[in-house]
Amino acid sequence: MSSEEQSGNKIHPKSGNRMSTTTNAYNDNIDLDGGEPEYGVAGACLLYCSIILTVILFPFGACLCVIKIVAEYERAVVFRLGRLQAGGAKGPGLFCIVPCTDEYKQVDLRTVSFDVPPQEILSRDSVTIAVDAVVYYRVQDATMSIANVEDADGSTRLLAQTTLRNVLGTKTLQDVLTDRDQISGRMQATLDEATDPWGIKVERVEIKDVRLPVQLQRAMAAEAEAAREARAKVIAAEGEMNASRKLKEAADVMSESPCALQLRYLQTLQSISAEKNSTIIFPLPIDLLSGLMKK
């Protein structure tokens, strides 16, 4: 027996005296250790009669009623006359039960996933959103999942819905849209702590989708469009400012050489003729006009 099995866990710590009643911190009325229960005279007679009947019907009765098989990923929790059998869950492989007095329940230890239905949630900034998630969990203690809760799977599903609403109710819309990993981690820790007495281990929680109202989507789209237009105008203004600076520098360079303007004029005529235009505009020098106006 390992040290963990000897010391037990925080839900049902194991006592050194086998005859003493094991404490179940989650429910004091349930003895998870089993021990050596007292069946009484009637229970003992029924148990002995069942054993004698099994011996008489051997081997046919043994094959049909006594020998059971559980797979590698399953465990069997055995109850004898309604009391939990000592030794914990049985399996994997073969195990035996006594007909008429024993009953068992199989528990699947594989990871189970389920979708949390979309929840209408009012965020901290008074925005109504619909959020759904997916939860992955597995049974880590078959005995606790049977003895401490009536329906471990259904209880986990309902708890996941309420946890999703409680966690997202303390977040703003911006937090929900940007901090999904943090929200998922907080939900996983909360669910894992709450389902630990049920023998459930919550492995992962993921936020799937966040649906916003149509009016809010339109308002956010208009806001984003206005922000983009504002940035576009700023960029265009900066471009005009840079272009004007470059034009001023080019004018200063051309003013230093009279031939530079003539070369630029010829270059412009060449670019116009390359497009096969029938109309060519000849600019008239301003100096010539000023001379005519003086006369």
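Where is Leu 81 found? In this predicted model, Leu 81 sits in the loop between S2 and S3. What catches the eye there is the backbone: Leu 81 has a positive phi of about 55°, although the residue is not a glycine. Leu 81 is also partly exposed, its relative accessible area being 30%. Another non-glycine residue with a positive phi is Ser 126, at a value near 65°. Ser 126 belongs to the loop between S6 and S7, and with a relative accessible area of 59% it counts as exposed.

On to the strands on either side of Leu 81. S2 and S3 join S5 in an open sheet of three strands, ordered S3-S2-S5 and paired antiparallel. Strand S3 (83–84) and strand S5 (102–108) take the edges; each has a single partner strand, so one side of each is left without a neighbour in the sheet. Between S2 and S5, the antiparallel pairing is made by seven bridges. As a landmark along this pairing, Arg 80 faces Asp 102 in S5.

Another arginine, Arg 75, is part of strand S2, which covers residues 74–80. Arg 75 is a bit of an oddity, being buried yet without a salt bridge. The nearest side chain of opposite charge belongs to Glu 72 and is 5.1 Å away, and a salt bridge would need a side-chain nitrogen within 4 Å of a carboxyl oxygen. Glu 72 does come into play in another way, since its backbone oxygen is reached by the side chain of Arg 75 at 3.1 Å. Setting aside residues up to four places away in sequence, Arg 75 touches a run of residues, Ala 89, Lys 90, Gly 91 and Pro 92, along with Lys 105, Gln 106, Val 107, Leu 109 and Ala 142.

Two of those contacts, Gly 91 and Pro 92, are linked by a cis peptide bond, with omega near 0°. Pro 92 itself lies in the loop between S3 and S4. Strand S4 (residues 93–96) pairs with S1 in the antiparallel sense, over four bridges. Here Ile 69 stands opposite Leu 94 in S4. Strand S1 (residues 67–70) has two unlike faces: Lys 68 and Val 70 make up the covered one, while Ile 67 and Ile 69 are on the uncovered one.

That leaves the question of how the nonpolar residues gather. In soluble globular proteins, nonpolar side chains tend to be buried together. The largest nonpolar core in this model has 33 residues, and those touching the most other members are Ile 129, Val 131, Val 135, Leu 164 and Ile 207. Two or more residues each come from S2, strand S6 (112–122), strand S7 (128–139), helix H5 (152–168), helix H6 (173–178), helix H7 (180–195) and strand S8 (200–211). S7 gives the largest share, with six residues. Val 131 offers a good look at the packing: beyond its neighbours within four places in sequence, it is in contact with Pro 117, Pro 118, Gln 119, Ile 121, Leu 164, Leu 168, Ile 207, Asp 209 and Val 210. There is also a second core, separate from the largest one and made of five residues, among them Val 70, Ala 76, Val 78 and Ile 97. Val 70 is one of the residues on the covered face of S1.

Key
Residues are numbered from 1 along each chain as its sequence is written. This is a predicted model: local features need pLDDT of at least 70, side-chain atom pairs count only at pLDDT 80 or more; totals for chains, interfaces and linings use all residues. Side-chain values use heavy atoms; hydrogens and water are left out. Buried means under 20% relative accessible area, exposed over 50%, partly exposed in between (1.4 Å probe, protein chains only). Lys and Arg count as positive and Asp and Glu as negative; His and the chain ends are not counted. A polar contact is a pair of N or O atoms within 3.5 Å; within protein, one must be able to donate a hydrogen and the other to accept it, and residues adjacent in sequence count only if both atoms are side-chain atoms. Contact means heavy atoms within 4.5 Å. Two strands pair if DSSP finds at least two bridges between them. A nonpolar core is a set of buried Ala, Val, Leu, Ile, Met, Phe, Trp, Tyr and Cys residues joined through side-chain atoms within 4.5 Å.
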